[in-house]
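Reader: I am new to this structure and would be grateful for a close look at a single part of it. Please choose one element, describe its setting with care, and then place it within the whole.

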Number of protein chains: 2
Amino acid sequence: MKQLVLQVEAILDQALPSEQTAPTVLHESMRYSTLGGGKRLRALLAMGACAALGGDVNATSGLVAAIEMIHAYSLIHDDLPCMDDDDLRRGKPTNHIVYGEAVAVLTGDALLTEAFAELARMPEKCGIDYQTTVQVIAEVAQGAGSQGMVGGQIVDIASQEQQMDEETLRYIHQHKTGALFRAALRGGALIGGANAEQLAAITRYAENFGLAFQITDDILDETGEAEQLGKAVQTDQARGKLTYPRLFGLEESQEMARRCVEECHASLSSFTDQADLLRELASFIIQRDH
Amino acid sequence: MKQLVLQVEAILDQALPSEQTAPTVLHESMRYSTLGGGKRLRALLAMGACAALGGDVNATSGLVAAIEMIHAYSLIHDDLPCMDDDDLRRGKPTNHIVYGEAVAVLTGDALLTEAFAELARMPEKCGIDYQTTVQVIAEVAQGAGSQGMVGGQIVDIASQEQQMDEETLRYIHQHKTGALFRAALRGGALIGGANAEQLAAITRYAENFGLAFQITDDILDETGEAEQLGKAVQTDQARGKLTYPRLFGLEESQEMARRCVEECHASLSSFTDQADLLRELASFIIQRDH
């Protein structure tokens with residue numbers, strides 16, 4: 001897995017415009033917030049889904065770059081003073097602390113746009129046919145958009161001022177983080193040549209993976225160390241946010257996450273050992289300490 | 001032309017998620033800033049380029065929606081307090097004045113993403129083949145991205161604190177506004193089935209149109225009425241921004257704009273009367289009072 005994370009870093013380094021390309025401050029800022037950090041979970045999921053279908057993992061490089069750029073843009077905008085107002089991310093000062101708010105907004109905009117430019121390069125760079133390319137672009141746009149990731153973020157913000165129920169909590173998680181996991185997985189599966197049944201299995205994996213991830217994230221926010229996480233902890237509590245531990249208690253939350261991981265494994269039962277990366281990722285997600 | 005503007009409005013109304021779709025506040029905000037206003041120049045350029053090639057104008061509806069969504073998103077983010085800090089746009093309070101900064105940032109993000117979702121729907125909704133769809137997506141992403149529109153905006157912001165020269169002014173205009181005009185025109189031409197030579201002619205039109213537009217915009221900022229323009233005037237001067245009238249004087253600027261429009265007409269010399277919409281738009285651009 002470590003090897004793959006290095007590969008993702010190299011893909012991003014190659015895909016992002018260089019710091020020498022004008023406007024240099026924008027490209028420097030895009031690289032600052034995208035390179036050199038992160039677990040690269042979304043990239044690994046895209047690769048894992050493609051591999052599970054027996055596809056060539058190298059063919060996912062465009063999708064991998066796009067998904068990680070979108071994730072990076074979402075963090076930059078989430079961290080803005082008018083949003084979560086965070087100073088620390090992946091152990092480094094957040095983008096707007098380094099470059100100022102205006103550049104941070106534009107850096108996010110540029111990363112989101114560049115993600116689609118990179119997806120449109122898949123036919124020439126990755127040998128993907130045009131129809132599959134359009135399908136993958138549709139998946140990513142849906143996952144990242146108003147009824148996906150951005151939709152989750154807006155409900156999250158709107159809910160901070162009021163009492164949240166379990167349904168809202170689930171909506172936020174399914175959309176804010178789950179939708180991009182899902183796009184990464186389904187995009188990777190499409191590149192791997194999935195049929196409808198296989199795509200359904202990967203989608204079931206995606207939904208359970210997303211929930212396990214989020215429950216664990218909530219648990220880590222409550223129990224983890226800032227140093228390990230590279231970001232502030234107990235911020236959810238400070239903001240009065242509803243979390244799984246607060247709703248169900250720590251033990252029941254851990255049990256829920258475990259059940260989701262079991263579901264992940266069950267959804268892959270008809271796959272060969274080509275799906276082992278996805279199996280590993282599902283088990284990793286609840287064992288991690290950051 | 002009025003009829004086409006109404007058609008653009010209908011296309012956007014249909015393409016944008018309804019206000020009843022969750023999250024409702026986000027979709028309401030997206031519609032607030034996209035519908036009911038604007039000259040729809042970019043949409044008309046896309047339609048005009050497609051028509052100039054003898055293509056079916058209705059086939060541009062996906063591109064038209066995408067380009068106008070991207071234009072709307074760029075205005076929302078430009079108007080933010082950390083950017084130009086404007087309260088008025090198209091005669092209405094700007095998005096962040098109505099919905100707050102956090103929602104405004106996310107509304108822009110959602111519109112940009114939805115634009116690419118809409119482009120990816122072109123094969124099914126507009127009957128465009130997959131290869132052309134990918135080419136159009138590449139054009140739009142390039143025009144809107146870090147070496148296009150966002151690149152122009154960042155140089156604009158960076159230059160507000162220092163003395164600007166003509167080269168910088170030209171860079172800003174070519175990128176901040178010119179790049180999206182170009183993408184609209186080239187995208188429309190590709191949908192119309194342009195060959196390389198025709199695409200080059202449309203590109204030459206695009207570059208001259210962009211410059212004529214921007215020079216006229218600068219002139220209007222100096223001489224126009226806020227009521228007519230639907231936004232504050234003499235803001236450039238107040239911000240110490242370099243403009244064409246300040247650099248060359250009012251008369252010479254008007255002369256420059258006229259020469260650009262002549263170039264627009266010259267670039268269309270080998271086209272039939274199918275290019276009349278593009279011809280009309282070029283003449284309109286320097287005669288407008290808003």
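Author: The part chosen here is helix α9 of chain B, which is mostly covered, since 9 of its 11 residues are buried. The model is a predicted one. The buried residues of α9(B) are B:M149, B:V150, B:G151, B:G152, B:Q153, B:I154, B:V155, B:D156 and B:I157. What do these residues pack against? Within chain B, their partners are α4 (61-79), α8 and α10 (166-191). From chain A, α2 (24-34) and α6 (101-120) pack against them as well. The surroundings of α9(B) are thus drawn from both chains.

One of those partners, α8(B), deserves its own description. Its 15 residues should span 21 Å at 1.5 Å a residue, and the C-alpha atoms at its ends are indeed 21 Å apart, so the expected and the modelled values agree. Is α8(B) largely enclosed or largely open? Because 11 of its 15 residues are buried, α8(B) is largely enclosed by the rest of the structure. Its buried residues are B:T133, B:V134, B:V136, B:I137, B:A138, B:E139, B:V140, B:A141, B:Q142, B:G143 and B:A144. As background, an α-helix has 3.6 residues a turn, so residues three or four places apart point the same way.

Both helices also belong to the contact between the chains. That contact takes 43 residues from chain B and 43 residues from chain A. On the side of chain B that touches chain A, at least two residues come from each of α2 (24-34), α6 (101-120), α8 (130-144) and α9 (149-159). The greatest contribution is that of α6(B), with 13 residues. By class, this side of chain B holds 29 nonpolar, 11 polar and 3 charged residues.

How are the two chains related to one another? Chain B is superposed on chain A by a rotation of 180° with 0.0 Å of shift along its axis, and the RMSD is 0.0 Å. The two copies are therefore related as by a two-fold rotation axis. In chain B, the C-alpha nearest this axis belongs to B:Y130 and lies 2.7 Å from it. The same surface serves both copies, as 100% of the contact residues of chain B recur in chain A.

The nonpolar interior offers a further view of α8. The largest nonpolar core has 191 residues, and those with the most contacts inside it are A:A46, A:I67, A:I137, B:A46, B:I67 and B:I137. Of these, B:I137 is also one of the buried residues of α8(B). Setting aside neighbours within four places in sequence, B:A46 is in contact with B:T60, B:L63, B:V64, B:I67, B:A184, B:L185, B:G187 and B:G188.

Helix α2 of chain B, named above as a part of the contact, contains B:E28. This residue has 18 C-beta neighbours inside 10 Å and so counts as partly exposed. Although B:E28 and B:T107 are 79 residues apart along the chain, their C-alpha atoms are separated by 9.4 Å.

Just before α2, the backbone shows a particular feature in each chain. The peptide bond from B:A22 to B:P23 is cis, with omega near -5°, and B:P23 lies in the loop between α1 (2-15) and α2 of chain B. In chain A, the bond from A:A22 to A:P23 is likewise cis, with omega near -5°; A:P23 lies in the loop between α1 (2-15) and α2 of that chain. In general, most residues other than glycine have a negative phi, and most peptide bonds are trans.

Two residues with positive phi may be noted against that background. B:R90 has a phi of about 50° although it is not a glycine, and its place is the loop between β1 (88-89) and β2 (92-93) of chain B. With 16 C-beta neighbours inside 10 Å, B:R90 counts as partly exposed. Phi of A:D85 is near 55°, and A:D85 sits in the loop between α4 (61-79) and β1 (88-89) of chain A. It has 12 C-beta neighbours inside 10 Å and therefore counts as exposed.

Finally, chain A may be described as a whole. Its secondary structure comes to 16 helices and 2 strands. For 290 residues, a compact globule would have a radius of gyration near 19 Å, and the 18 Å of chain A agrees with this. Of its residues, 55% count as buried.

Conventions
Residues are numbered from 1 along each chain as its sequence is written. Chains are lettered from A and ligands numbered from 1 in the order in which they are written. This is a predicted model: local features need pLDDT of at least 70, side-chain atom pairs count only at pLDDT 80 or more; totals for chains, interfaces and linings use all residues. Copies are superposed by least squares on the C-alpha atoms of residues with pLDDT of at least 70 in both. Two residues are in contact if their C-beta atoms, placed from the backbone, lie within 7 Å. Helices (H or I, at least four residues) and strands (E, at least two) are DSSP runs, numbered from the N terminus. Ala, Val, Leu, Ile, Met, Phe, Trp, Tyr, Cys and Pro count as nonpolar, Asp, Glu, Lys and Arg as charged, and the others, Gly among them, as polar. The radius of gyration is taken over C-alpha atoms; the globule rule is 2.2 Å times the number of residues to the power 0.38. A residue is buried if 20 or more other C-beta atoms lie within 10 Å of its own, exposed if 12 or fewer, and partly exposed in between; C-beta atoms are placed from the backbone. A nonpolar core is a set of buried Ala, Val, Leu, Ile, Met, Phe, Trp, Tyr and Cys residues joined through C-beta atoms within 7 Å. The expected span of a helix is 1.5 Å times one less than its number of residues.
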